[in-house]
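Welcome! Let's take a walk through a structure together, chain by chain, and see what the coordinates can tell us.

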Amino acid sequence: MNCSAAPRESKTGWEHFPHDADVGVRGRGPTPAKAFEQAAQALSAVITHGEIKPQTAVEVQCEAPDVELLFVEWLNAIIYEMSVRKMLFGRFAVQIDNGRLTGTLWGEPVDIERHAPACEPKGATYTALRVARESDGTWSAACIVDV
Amino acid sequence: MVSGLHRGRVTAAFAMDPARFTHVDRTTWRIEPYGAMRVPAIIYADADLIRDMDDKVYEQAVNVATLPGIVQASYAMPDAHWGYGFPIGGVAAFDPNRGGVVSAGGVGFDISCGVRTMLTGLSVSDIIPVQKELAESLFRQIPAGVGSRGAITLDAIEMDAMLSGGARWAIGRGWGQSRDLERIEEEGCMAGARPECVSDRAKERQRREMGTLGSGNHYLEIQAVAEIFHPSAANTFGIAKNDVVVTIHCGSRGLGHQIGTEFLKEMAVSAAAFGIKLPDRELACAPINSEVGQRYLGAMRAAINCALANREILGHYARRVFGHYFPNCDLRLLFDVSHNTCKVEPHAVGGKQRELFVHRKGATRAFGPGHASLPAALRDVGQPVLIGGSMGTGSYILVGEESSETKAFSSACHGAGRALSRHAALRQWSGRKIIDELAAEGILIRSPSMRGVAEEAPGAYKDVSAVVAAAEHAGLARRVARLRPMICIKG
C-alpha cells in the first residue's frame with residue numbers, strides 16, 4: 001500500500017510495508033530529518049486513518065550512537081508520548097544535530113469514536129531497520145513496528 | 001460456514017522450501033549446523049505448515065542457533081512466523097555456566113503476554129438468552145483498545161508492590177481470589193523481580209494501565225466447549241461438551257513494552273563489548289552473568305508480575321459481570337500461562353540436570369504429568385496448555401506431555417499464528433462485514449475499531465486445528481478440547 005502524503009515526484013512521503021504479524025513503516029524525504037517526520041506519519045496511520053487535530057505540541061529529545069538506532073528511538077519516543085498522554089499525533093518536526101534529535105509532535109487526545117484506533121504500537125523494532133540515502137538522492141527511514 | 005470469511009491455504013510471500021531440511025519424521029524438520037551455528041535448528045510442523053511458513057522463520061531459527069551458550073537446539077513451534085530476532089514460536093535455552101545469554105529480543109516487547117481460561121459452570125443454553133446483553137456489559141466493563149482508561153491508578157509505592165507481588169498483589173487489593181494462585185505459573189508471583197531495575201518511564205507508562213486489555217490480537221472471549229479429544233484430562237480439568245469458559249489474552253501492557261524497548265537498545269549497543277556478534281540487532285542479548293543481564297532479568301521478572309496482576313484483575317472484572325447475570329456463578333481459574341518469557345528451569349540434557357534460562361517467544365510452557373510445579377489436582381494429568389486461535393475459528397486446550405521435555409524443553413505452540421499481514425488482511429476484509437457474518441454464525445464481536453477487526457480477520461490466521469494437530473503429533477502437547485467463540489471483546 002502506498003499512502004504517500006505528498007505527490008510522488010516530490011520524493012517526500014510515507015508508506016506501510018507488510019510483516020507477518022505486524023507492520024512496517026517507511027518515510028522518505030530530502031534529509032534524514034524529513035524522512036523521520038514522514039515515517040512518524042506512517043506510524044500514526046498504523047493507528048488511525050482519522051484526522052488528528054494539531055491542538056497541543058509536545059517536545060521530545062533522544063540520542064543514539066548511529067542514525068538507525070536514532071530512528072528507532074524517535075519512533076519509540078512518539079509511542080511513549082502517545083501512551084502516557086493518551087494522545088495521537090499527526091504533525092511532526094525533526095532536527096538532528098550530531099546524533100541528537102529534537103522533535104515536536106502536534107496532536108490531540110484520542111477520541112475513540114472519531115479516531116477508531118485500530119491498534120496500539122508496542123515498540124519500534126530493529127527488524128527491517130534501514131536508514132539510507134537512495135540512488136535518487138532521497139533519504140529513506142524504515143523499520144517494523146510491533147503492534 | 002460463510003464463504004469469503006474463512007480461507008483455504010495461504011502461502012507466505014517467501015515460502016519455505018522443505019528441501020532445505022533434514023526431514024526427521026512427519027513433524028520434525030532439522031537444519032544441520034552450518035556457518036556460525038553452535039547447535040542445530042529444529043522446526044516442529046507438518047509439511048503443509050512448513051510450506052506455508054515464511055522463509056524468515058528459517059533464517060531467524062538459524063540466527064538464534066548462533067547465540068553463545070545455547071543448549072541442544074534452536075526450536076520453532078508449529079505456529080512459528082516471522083518475528084523480531086527470534087521467530088515468534090521460538091524456544092531456546094541457555095546455560096549461564098557456558099557463557100549463556102539472556103536476550104531482550106528473545107522475550108519480546110509484550111513481556112509475559114499470555115492466556116488464562118476460567119470455568120463458569122454454565123452451559124451454552126444458559127448464555128444464549130443473555131448473549132447480547134452479556135457482550136454489551138463486557139464491552140463496557142473491560143477497558144480495551146487505544147485511548148481506553150483503567151479504573152486503577154498506582155502511586156510509586158503501589159507500583160513497586162505490584163511489580164514484586166504479581167497476582168498475589170492484585171488478590172491482596174481485592175481484585176481476585178486466593179484459590180487462583182495455584183493455577184497460575186509461579187503461583188502468581190515471579191520470584192527475583194527487581195522493581196528498582198524498571199525505569200521511571202516504564203512505570204509512568206503503566207500508572208493507569210492496570211486492568212486494561214490492550215489491542216491488536218488481545219481479547220476476552222466467552223467460549224463454548226465444542227469438542228472433547230481426551231476425556232480423562234477434560235474430566236480432571238473440569239470441562240465437558242457445551243460448557244462455557246472465559247478466556248483472556250493479554251500481557252504486561254505499556255510497562256513490558258517500555259522495558260523491552262529500553263533493554264533492546266542497551267543490549268544491542270553493549271553486545272560488541274561482550275564479544276557477541278549479533279547476526280541481527282534484534283537478537284540483542286547480554287551474558288546472563290553480566291550486570292546488564294542481571295538487571296534485565298530483574299526488570300523482566302517485574303514485568304511478568306505486571307502481566308500476572310493484569311490478567312488477575314481482568315478475571316475479577318469478568319467475575320463481576322458474570323455475577324450480575326448469574327448470581328450463583330462461580331468462575332474458577334483453570335490455568336494461566338505466559339508465552340513471552342525467559343524462565344530458569346531444571347532440564348535434563350544428556351542425562352544430566354542443568355539449570356537453564358529458557359526463552360519462549362510466542363511459545364507456551366507445557367509441563368507433562370508429574371511435574372513438581374503443578375498443583376496436586378493437575379499433577380497426574382499435566383499442565384493445561386491454552387492455545388488462542390482467531391475470533392472466528394476457535395481455540396484449543398491442550399495438556400503437556402512427558403515427551404515435550406526432550407523435544408523442546410517442555411514447550412508447545414501458543415496460537416494459530418498469522419498467515420497474512422495486517423496490511424493484506426485490510427485489503428481483503430471489512431470489519432463491519434466480518435462482524436455481521438460472524439453474528440450470523442452466533443459469534444458476537446465487540447470492538448471500538450472496525451479496522452482493528454478487519455486486521456484480525458479469522459482468514460488472516462493459520463488453521464489453528466492444523467497447528468495443534470502438528471503439536472500433538474510432534475509430542476509437544478496433547479489435545480484435550482476445542483473451544484468455539486460465542487462473544488469476543490477486542491481492543
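Let's begin with chain B, which contains 17 helices and 19 strands. Keep in mind as you look around that this is a predicted model.

How does the radius of gyration of chain B compare with that of a compact globule? A compact globule of 491 residues would come out near 23 Å, and the 21 Å of chain B agrees with that. Along its principal axes, the C-alpha trace of this chain spans about 60 × 55 × 45 Å.

Now turn to chain A, which has 3 helices and 8 strands. If you follow the sequence of chain A from start to end, these elements come in the order β-β-α-β-α-β-β-α-β-β-β. For its 147 residues, a compact globule would have a radius of gyration near 15 Å, and the value for chain A, 14 Å, agrees. Its C-alpha atoms fill a box of roughly 45 × 30 × 30 Å along the principal axes.

Here are two further values for each chain. The last column takes the contacts with a separation of 6 or more and gives the share from residues 24 or more positions apart.

| Chain | Buried residues | Contacts from residues 24 or more positions apart |
|---|---|---|
| Chain A | 54% of 147 residues | 59% of contacts with a separation of 6 or more |
| Chain B | 63% of 491 residues | 78% of contacts with a separation of 6 or more |

**Where the chains meet**

How many residues of chain A are in contact with chain B? There are 29 of them, and they touch 37 residues of chain B. On the chain A side, the elements that give two or more residues are β1 (13-18) and α2. The largest share comes from α2(A), with 5 residues. Sorted by class, this side of chain A has 17 nonpolar, 7 polar and 5 charged residues.

Helix α2 of chain A deserves another look. It runs over residues 67-85, so to speak a stretch of 19 residues, and reaches 27 Å from its first C-alpha to its last, close to the 27 Å expected at 1.5 Å a residue. Right after α2(A) comes K86(A), whose phi is positive, near 55°.

**Two helices packed in chain B**

Next, find helix α5 (residues 131-141) and helix α11 (residues 291-325) of chain B. These two pack at an angle of about 145°, with their axes 10 Å apart. Is the crossing of α5(B) and α11(B) left-handed or right-handed? It is right-handed. From α5(B), the contact is made by L134(B), S137(B), L138(B) and Q141(B), while α11(B) brings Y317(B), R320(B), V321(B), H324(B) and Y325(B). The residues of this contact divide into 5 nonpolar, 3 polar and 1 charged.

**Two loop residues with positive phi**

Let's finish with a residue from each chain. In chain A, the loop between α3 (112-115) and β6 (123-124) holds A116(A). Its phi is near 40°, a positive value in a residue other than glycine. Is A116(A) buried or exposed? A116(A) has 21 other C-beta atoms within 10 Å, so it is buried, given that 20 or more are needed to count as buried.

In chain B, F409(B) lies in the loop between α13 (404-408) and β17 (411-412). F409(B) is likewise a residue other than glycine with a positive phi, near 50°. Because 26 other C-beta atoms lie within 10 Å of it, F409(B) is buried.

Notes: Residues numbered from 1 in each chain as written. Chains lettered and ligands numbered in written order. Predicted model: local features only at pLDDT ≥ 70, side-chain atom pairs only at ≥ 80, totals over all residues. Helix = DSSP H or I, 4+ residues; strand = E, 2+ residues; numbered from the N terminus. Expected span 1.5 Å × (residues − 1). Axes fitted to C-alpha atoms, helices over the stretch in contact; angles between N-to-C directions. Left-handed = near helix turned anticlockwise from the far one by under 90°. Contact = placed C-beta atoms within 7 Å. Nonpolar A, V, L, I, M, F, W, Y, C, P; charged D, E, K, R; others polar. Rg over C-alpha atoms; globule rule 2.2 N^0.38 Å. Buried ≥ 20, exposed ≤ 12 C-beta atoms within 10 Å, placed from the backbone.
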